[in-house]
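Here's a quick walk through this model, from a set of annotated positions out to the helices and the core. Have the structure open as you read.

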Amino acid sequence: MDENVLLALGLTLFAGLATGIGSLIAFFTTRTNKKFLSVALGFSAGVMIYVSLIEIFVKAKDSLVNVHGETTGYWYTLFGFFGGMLLIALIDRFIPKGNNPHEVKSVEDVQKAQIIGNEEIEADRLMKMGLFTALAIAIHNFPEGIATFMAVLQDPNVGIAIAIAVAIHNIPEGIAVAIPIFYATGKRMKAFKWSFASGLSEPLGALIAYFVLMQFMTDTLFGIIFAGVAGIMVFISIDELLPAAKKYDEAHSSIYGLVAGMAVMAISLVMLT
């Protein structure tokens, strides 16, 4: 197997299993460091937006223009870009709002969600909340896995940056799965396993991309998929990361994180060129 393929699969696995990191954080803290979370989510958004619009979109356009000419190639690029946005938007649309992974939760948020009443009923409610959130995250992470895998194959340096950004935004999703299951069962290991498992759909998406999509890969299909990757990343940043970062914002820390993410990505691309 090609080294780039192994790297792509490894980075996608790393990004997906960051949900497990979120569960570990949740178990060993009673308060969320909101300033750090705001900066980290802003940083992740900055990396994704910059690399999507400056690198991925441009490379997709160049690939399609080389095959189909300036005008048709640009239209194909736009089709892929907005098609990626539409795909992730439809996934979010059919996920119940209460279990939407875009509704990022802190430790305190989930703790406050407990309702005083019958303990068995409450435990059952919390367990369902955790399991449905895990399912929602698994569905949501599948196209992210394809996106990360394709990005690494095209440009490992860009792919590494995307994998790190995706991993950062998967951490609070792990918290959202682990905390309700922990409060329902009192078992940290069970909560960790479900949180950990919810991230496995990301490397699964990478495997599907490798064993299915790669068999039919042409310059046109690659360009459209790569443009779709850019659309997915931009949508996630605008719909999820920036609102979550602003939710925990303190003194514009989310914007500082956003700018820092863009700057780090820009400098990295220049140095690695």
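In which helix is the place of E144? E144 sits in helix α6; helices here are DSSP runs (H or I, at least four residues) numbered from the N terminus. Before going on, some ground rules: this is a predicted model, where local features need pLDDT of at least 70, side-chain atom pairs count only at pLDDT 80 or more, and totals for chains, interfaces and linings use all residues. Residues are numbered from 1 along each chain as its sequence is written, and side-chain values use heavy atoms, with hydrogens and water left out.

**The annotated positions**

UniProt, in an unreviewed entry, lists N141, E144, N170, E173 and E202 for "binding site"; such annotations may be inferred rather than shown by experiment. These positions are spread over 62 residues of sequence yet cluster in space, with a largest C-alpha distance of 13.7 Å.

E202 belongs to helix α9, and so does S201. Here is how buried three residues are (buried means under 20% relative accessible area, exposed over 50%, partly exposed in between, with a 1.4 Å probe and protein chains only):

| Residue | Helix | Relative accessible area |
|---|---|---|
| E144 | α6 | 0% |
| E202 | α9 | 0% |
| S201 | α9 | 10% |

Leaving aside neighbours within four places in sequence, E144 is in contact (heavy atoms within 4.5 Å) with V166, H169, N170, E202 and I236. On the same basis, the contacts of E202 include T12, A15, G16, N141, E144 and N170. S201 touches I137, A138, N141 and F142, again not counting residues up to four places away. A polar atom of the S201 side chain also lies 2.6 Å from the backbone oxygen of A138.

**Helix α1**

The buried residues of α1 are V5, A8, L9, L11, T12, A15 and G16. Seen down the axis, they fall within an arc of 165°, so they line one face of the helix; the arc is that of the directions from the helix axis to the C-beta atoms.

**The core**

Nonpolar side chains tend to be buried together in soluble globular proteins. The largest nonpolar core (buried Ala, Val, Leu, Ile, Met, Phe, Trp, Tyr and Cys residues joined through side-chain atoms within 4.5 Å) has 54 residues, of which M48, I56, F149, M150, I162 and M233 touch the most other members. Among the helices supplying at least two residues each are α1, α3, α6 and α9, while α10 gives the most, with 14 residues. Another core, of 11 residues, lies apart from it and includes M127, I137, V177 and F182.

Key. A polar contact is a pair of N or O atoms within 3.5 Å; within protein, one must be able to donate a hydrogen and the other to accept it, and residues adjacent in sequence count only if both atoms are side-chain atoms.
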